[in-house]
Amino acid sequence: MPDYPRAKLDIKFIIEADDEPTAAALRSHPPHAPHEIVIAPEGAPRTKPRALNVAMPLARGSLVAVFDAEDLPEPRQLRRAATLFAASPPSVACLQASLVIDNGELNWMTAMFALEYAALFDVYNKGLAAMGMPLFLGGTSNHFRIEALRDIGFWDAFNVTEDADLGLRLARAGFEVRTFASQTFEEAPAAFAALVKQRTRWFKGWMQTFIVHCRRPMRLFVDLGSRRAIAVLAMFASGLFGPLLGPFLAARMTYDAIFGALLAPVAPFEIALSTLWCCLAIAGAISLILPLAMGMRRRGLTRFRRALLYLPLWLMMLSIAAWRALYELCRRPFHWEKTEHGLTMRGVVEAEKDVCPFVSREEPLFDQEAGA
């Protein structure tokens with residue numbers, strides 16, 4: 001982070017004890033202050049949240065940010081987050097930056113990934129934060145008050161989507177999560193198999209989060225209030241049951257439309273049922289396509305609009321990953337299937353504009369930011 005005062009930085013590289021390739025790479029470029037290598041002792045589970053929990057007692061600042069190794073955050077991100085925290089009440093425990101895919105030009109999968117991230121971070125998350133709803137945080141570019149993390153016991157080491165769980169636990173403890181206008185560039189998997197493996201872990205983590213937080217439904221409603229608890233249950237229903245059951249419902253509706261009475265009901269009950277199913281199908285299609293279109297427009301990704309033709313394949317991939325996640329939840333619930341990065345060329349998100357990911361285009365948030 002070249003734009004943040006070096007004396008106020010405390011940067012930890014967290015690696016496993018037997019991760020010799022990463023250790024060798026770090027030793028070949030010995031880090032100096034404020035950089036430090038933290039080696040997580042041998043133990044289980046071998047997950048990112050466990051490694052973060054190992055490093056937290058060594059953190060010296062009042063704010064902590066989490067980045068994946070392949071991330072390219074904008075240079076002003078730490079300064080902007082610190083400025084916002086200084087101007088926000090103590091109840092604001094986390095600020096989530098926007099994640100942006102910078103290799104979307106590679107193929108239809110990376111293009112769809114870029115559109116999905118635009119919908120998630122520029123539409124869903126911003127809308128949820130504006131309404132005061134809980135956020136299922138992304139796994140990186142989260143900025144926290146460390147005292148809030150201490151209050152809730154840091155991360156769940158056994159959850160393979162640790163920050164989705166953390167966002168919900170912060171909300172249940174009375175803290176707020178907000179988004180802010182800064183970008184972190186990420187690399188999307190470019191192979192179908194790698195994509196399925198990554199999404200399998202994500203779905204498995206959301207299933208873990210659902211089980212943990214919904215095992216006592218009344219307590220969830222007490223902690224969040226009825227409005228926010230219903231919103232959380234709706235997010236779980238759409239995020240999990242949609243990919244699991246969607247293909248079967250779509251196949252049944254197609255069959256009934258061609259061979260059944262879906263489009264030609266006779267009895268009053270058939271008319272009511274057909275109307276309900278058609279309304280659900282139309283509402284589902286709108287809720288799926290509209291956020292993608294809005295995110296594409298807001299992020300300036302209209303050149304990827306042809307990737308929407310592959311949306312059925314994308315949904316099939318999500319369904320495969322969801323069922324695979326359900327199987328893994330039963331057989332190896334805490335296994336962390338890692339995603340390999342650094343395999344593709346990474347470019348600039350807005351190719352039609354002269355933009356460099358390493359140069360921030362952000363203006364100061366407040367007058368005091370220049371001195372933050």
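Colleague: Why does D102 count as buried?

Modeller: In this predicted model, D102 has 4% relative accessibility, and because buried means under 20% relative accessible area (exposed is over 50%, partly exposed in between, with a 1.4 Å probe and protein chains only), D102 counts as buried. D102 lies in the loop between β5 and α4 (108-130), where helices (H or I, at least four residues) and strands (E, at least two) are DSSP runs numbered from the N terminus.

Colleague: What makes α7 oblique to α9?

Modeller: The axes of α7 (residues 192-214) and α9 (residues 226-259) come within 11 Å and cross at roughly 135°; axes are lines fitted to C-alpha atoms over the stretch in contact, with angles from 0 to 180 degrees between N-to-C directions. Angles under 35 degrees count as roughly parallel, over 145 as roughly antiparallel, 65 to 115 as roughly perpendicular and the rest as oblique, and therefore α7 is oblique to α9.

Colleague: Which residues of α7 meet α9?

Modeller: F203, W206, M207, T209, F210 and C214 in α7 meet residues of α9 including L233, F236 and G239, a contact being heavy atoms within 4.5 Å.

Colleague: How do you know where pLDDT is low?

Modeller: The pLDDT, the predictor's confidence in each residue from 0 to 100, stays under 50 over residues 348-364, whereas the mean for the chain is 86. Where pLDDT is low, the predicted coordinates should not be read in detail.

Modeller: As for conventions, residues are numbered from 1 along each chain as its sequence is written, and side-chain values use heavy atoms, leaving out hydrogens and water. Local features need pLDDT of at least 70 and side-chain atom pairs count only at pLDDT 80 or more, while totals for chains, interfaces and linings use all residues.
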